[in-house]
Amino acid sequence: MTASLTVENLSVRYRTPHGSVHALRHVNMEARPGEVIGIVGESGCGKSTLVTALANLLPANASVDGSIRYGALDLTGLDERHRRALRGDEIALVGQDPMTAFNPVLTIGDQLIDFQHHRKDIGRADKKNRIADMLAKVGISDADRRMANYPHELSGGMRQRVAIAAALLTDPGLLIADEPTTALDVTMEAQIIHLLRELRREYNGVIIVVSHHLGVIAELCDRVYVMYAGEVVESGDVDAIFHDARHPYTRALLACDPARFHERLERLPTIPGSLPSLTQLPVGCVYAPRCADCFEPCPVHPPPVVRLSADHAVSCHGARA
Amino acid sequence: MLTYAVKRIGLGLLILVFVMVTMYAAVFLVPGDPATVALGPRATPELKRLLTERMGLDQPVWWQIIEFFRNALTGNLGYDVWSNRPVSTLVLEALPNTLILGTTALMTALILGVPLGCLAVVKRGTLADHLIGVLSVAVIAVPSFVVAIYSLLLFAVTLRWLPAIGAGEAGDIGSQVRALILPALAIALGWIGYISRMVRASMMEVMNEPHIRTARSFGLPEWKIVSKYALRIAIIPTISLVAVGLGGILSSAVFVEAVFSRPGIGKLITDAVNTRNYPVVMGTVLMMTAIYVSITIAADLLIARLDPRVRDVFRG
C-alpha cells in the first residue's frame with residue numbers, strides 16, 4: 001500500500017518525575033507517496049520523538065495529542081495490537097546505530113526471516129530467497145554467507161546496508177530512516193547516501209530521513225522540515241530551505257554547516273545559547289532567547305505560521321513583513 | 001573452540017591438584033595424630049602404627065600427595081580405613097543418589113525460576129512483578145537445611161504425606177520419587193528465587209538495548225521478543241551463576257542428605273569426617289571437585305555456544 005502521511009497538530013508529552021516534558025508541540029507535516037521528507041534540527045529538538053511517534057514506538061509514559069493519518073488510518077487512535085500489525089509491515093524503521101541494531105546472538109538470516117513474520121503466505125525458503133534478492137539490491141553479493149554471519153562479523157557500513165535491506169523486505173509504505181549515517185565514518189556515509197538515492201528511484205512509498213547533517217538532507221530529500229525545541233519552525237522544498245531560508249534559526253543552522261566554508265576559519269560559527277528547557281518553555285517564540293533578529297512581539301506572542309508559497313511555510317514574526 | 005576447550009580442561013586439572021594439595025595441608029595442620037583420634041586413647045602402639053601405615057601417614061606429605069594422584073590416575077582412590085572397601089566403590093555407590101538429588105533440584109529451580117523471571121519482565125511494574133520479587137528474596141534468605149527441617153516436620157511428620165528418611169526402596173521408582181521430593185525442594189527453593197532474580201535483572205538490561213527496539217519496530221510479538229531475542233542473551237549470566245552456584249548446591253546436598261538420612265556423597269563425607277576416615281574424605285573431595293570443575297567447564301562451553309561473540313574471542 002502507498003498512501004500519504006498527514007500529521008496534524010501533533011503534540012507529545014512525556015511524564016517524568018521532574019514534571020511533564022513537552023517534547024513535541026503542534027507539529028504539522030505532510031508527505032505524499034514517492035516523496036522523501038527530511039527532518040533536521042539540533043540534538044534534543046524533537047526529531048527522534050517525532051520519528052518514534054510515527055513508528056508507533058513511543059514509551060508508556062508518553063501522551064499524544066493530535067493526529068497522524070496514514071491513508072485512511074489514524075495511527076494515534078490504534079490499540080497496541082493494530083500498531084504492532086503496522087510495524088514491520090506498512091511502517092519500517094532504519095535505526096541510528098547499525099552496531100547495536102541487530103541481536104548479537106542470532107544470525108543475520110535468522111533475524112531477517114523473523115522480521116518477515118507478517119508474510120504468512122510464504123515459507124522459510126521463499127523468505128530466504130527474498131533476503132538474498134534484497135541483500136543483492138543493497139550491494140551485498142555473498143548473501144548466503146552473510147545470512148549465516150552474526151552481526152559482529154559484519155562491518156558498520158555493511159550492517160547499515162543489512163538494516164536498510166531488512167526495512168525494505170517488509171515492503172513498507174512508510175520508510176523511516178532515523179539518522180541513518182550518524183554512526184558511520186565519512187566514506188561509509190557517502191556509500192549509504194548513494195545507496196538510498198539509488199533505492200528511492202524504484203521505491204514509491206514515503207521516505208522520512210532524519211538527520212542533523214544538512215549535507216545528508218540536501219542530497220536525499222525533496223522537502224525539509226526544520227525543527228527547533230519540539231516545533232517545526234520552517235518547512236519547504238529543499239531548494240527553498242537551502243537557498244531561501246526565512247527563519248533565523250534555519251539561517252543560523254546553515255551558517256554553522258562546516259561543509260559550506262571554503263576557507264579555513266579560526267573558529268567555527270555557532271548559535272549562541274542553548275535549547276530552552278522543555279519543562280518550562282518561553283511564552284512567545286521558542287527561538288526568541290537565541291535569535292539575532294528578535295524584536296518586540298517575539299518574546300511575548302507565539303509566532304504566526306506565514307505561508308510564503310504553496311510549499312514554503314515559516315513560523316516567525318519577522319517573516320510577516 | 002578446541003584450543004579453548006583444551007585450555008579450560010588443563011586449567012580444571014590444575015584446580016584439582018590445587019584442591020587436593022590444600023586438603024592434604026589441612027589434614028597435616030589439624031592438631032592430633034589421626035590414628036590416635038580414630039582409635040581412642042587406649043589403643044596399643046602397634047595398632048596405632050598399623051593404622052598410620054595403612055593410611056599412609058608415616059610418609060612425608062608431598063610423597064602422600066604424589067602417591068594419591070598416581071593411584072587416582074589408575075582409578076584407585078585408596079581404601080576405607082574401617083571397612084577396607086575401595087573408596088572408588090563407596091563413591092560410585094553414593095554418587096548416583098546425590099547426582100539425582102542435585103539434578104532434580106537444579107532442574108526444578110530452572111524450570112520454575114526462568115519463566116518466573118520472564119514473567120516478571122513481561123509484567124514489569126505490576127503487582128505480579130513485585131510479588132515475584134518479594135517471594136524470591138524471601139526464599140533466597142532461608143537456608144536449605146532450615147527448609148529441609150521444617151518441610152520434614154510438616155510433610156513427613158505432621159501430614160505424613162512423604163517419607164522422612166532414606167532414598168526409597170531399591171527398584172521401586174514410586175517410592176524413590178516420593179523420597180526425592182522434600183530433599184530436592186529444600187535445595188531448589190532458594191535457587192528458584194536466585195534464578196528468577198537473575199533472569200529478571202539481566203533481561204531488564206537487555207530489554208533496553210537497541211536491538212530490542214529493532215525487533216519491536218518490526219512488529220514482533222512481545223512474547224517472542226522476550227523468549228527468543230532477550231532470553232538468549234539474558235540466560236548467559238544465569239548459566240554462569242548456576243555453574244558457580246553448583247558448589248553451593250553440592251554443599252547444601254551435604255546438609256540435606258544429613259537431615260533426611262539420605263545415602264549420598266554428602267552423607268558419605270559427613271560420616272567420613274566424623275570418623276576421621278581420611279582416604280574416604282580425600283576420595284570424595286576429589287570426586288566432588290572433579291564434578292564441579294567439569295560442570296564449570298561445560299557451562300563455559302555452553303556460553304561460548306550461545307554467544308558467538310565469546311566463541312570468537314576463543315577461536316584462534
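How many residues of chain A are in contact with chain B, and how many of chain B with chain A? Here is a tour of this predicted model, in close-up views.

**View 1. Where chain A meets chain B.** To settle the opening question, 27 residues on the chain A side are in contact with 23 on the chain B side. Put together, the two chains bury about 2,200 Å² between them, and 59% of that is on carbon and sulfur atoms. Charged partners turn up here too: the count between chain A and chain B is 4 salt bridges. One of these 4 pairs B:K228 with A:D110. In this pair, the closest N and O atoms sit 3.1 Å apart.

**View 2. A stacked ring pair that crosses between the chains.** Stay with the two chains and look for A:F115 and B:F218. Their ring centres are 4.1 Å apart and their planes are at 0°, so this pair counts as stacked. A:F115 belongs to helix 3 (residues 108-115) of chain A, while B:F218 sits in the loop between helix 9 (210-217) and helix 10 of chain B. A:F115 is buried, with a relative accessible area of just 1%. B:F218 is buried as well, at 2%.

**View 3. An edge-to-face pair within chain A.** The model has 5 aromatic pairs over all chains, and here is another of them. The rings of A:Y228 and A:Y287 have planes at 80° and centres 5.0 Å apart, so they meet edge-to-face. Along the chain, these two tyrosines are 59 residues apart: A:Y228 lies in strand 9 (residues 223-228), and A:Y287 in the loop between helix 10 (248-255) and strand 11 (305-307) of chain A. Both A:Y228 and A:Y287 are buried. Add A:Y249 and you have one aromatic cluster of three named residues: A:Y228, A:Y249 and A:Y287.

**View 4. The largest nonpolar core.** Nonpolar side chains tend to be buried together in soluble globular proteins. In this model, the largest nonpolar core takes in 151 residues, and A:L112, A:L135, A:I208 and B:M203 have the most contacts inside it. Its largest share, 16 residues, comes from helix 10 (residues 222-259) of chain B. Domain 1 (5-90 + 172-319) and domain 2 (101-171) of chain A both contribute residues, so this core lies between them.

**View 5. Zooming in on A:L135.** What does A:L135 touch, leaving aside neighbours within four places in sequence? Its contacts are A:L112, A:I140, A:A143, A:M147, A:V162 and A:A165.

**View 6. Another core, set apart from the largest one.** This one has 30 residues, including B:L51, B:I65, B:V281 and B:I291.

How values were computed:
Residues numbered from 1 in each chain as written. Chains lettered and ligands numbered in written order. Predicted model: local features only at pLDDT ≥ 70, side-chain atom pairs only at ≥ 80, totals over all residues. Heavy atoms only, no water. Core = buried A, V, L, I, M, F, W, Y, C linked by side-chain atoms within 4.5 Å. Buried < 20%, exposed > 50% of the residue type's maximum accessible area, 1.4 Å probe, protein only. Helix = DSSP H or I, 4+ residues; strand = E, 2+ residues; numbered from the N terminus. Domains from an automatic or database assignment. Contact = heavy atoms within 4.5 Å. Phe/Tyr/Trp six-rings, centres within 6.5 Å; stacked < 30°, edge-to-face > 60°. Buried area = accessible area lost by both parts, 1.4 Å probe. Salt bridge = Lys/Arg side-chain N within 4 Å of Asp/Glu carboxyl O.
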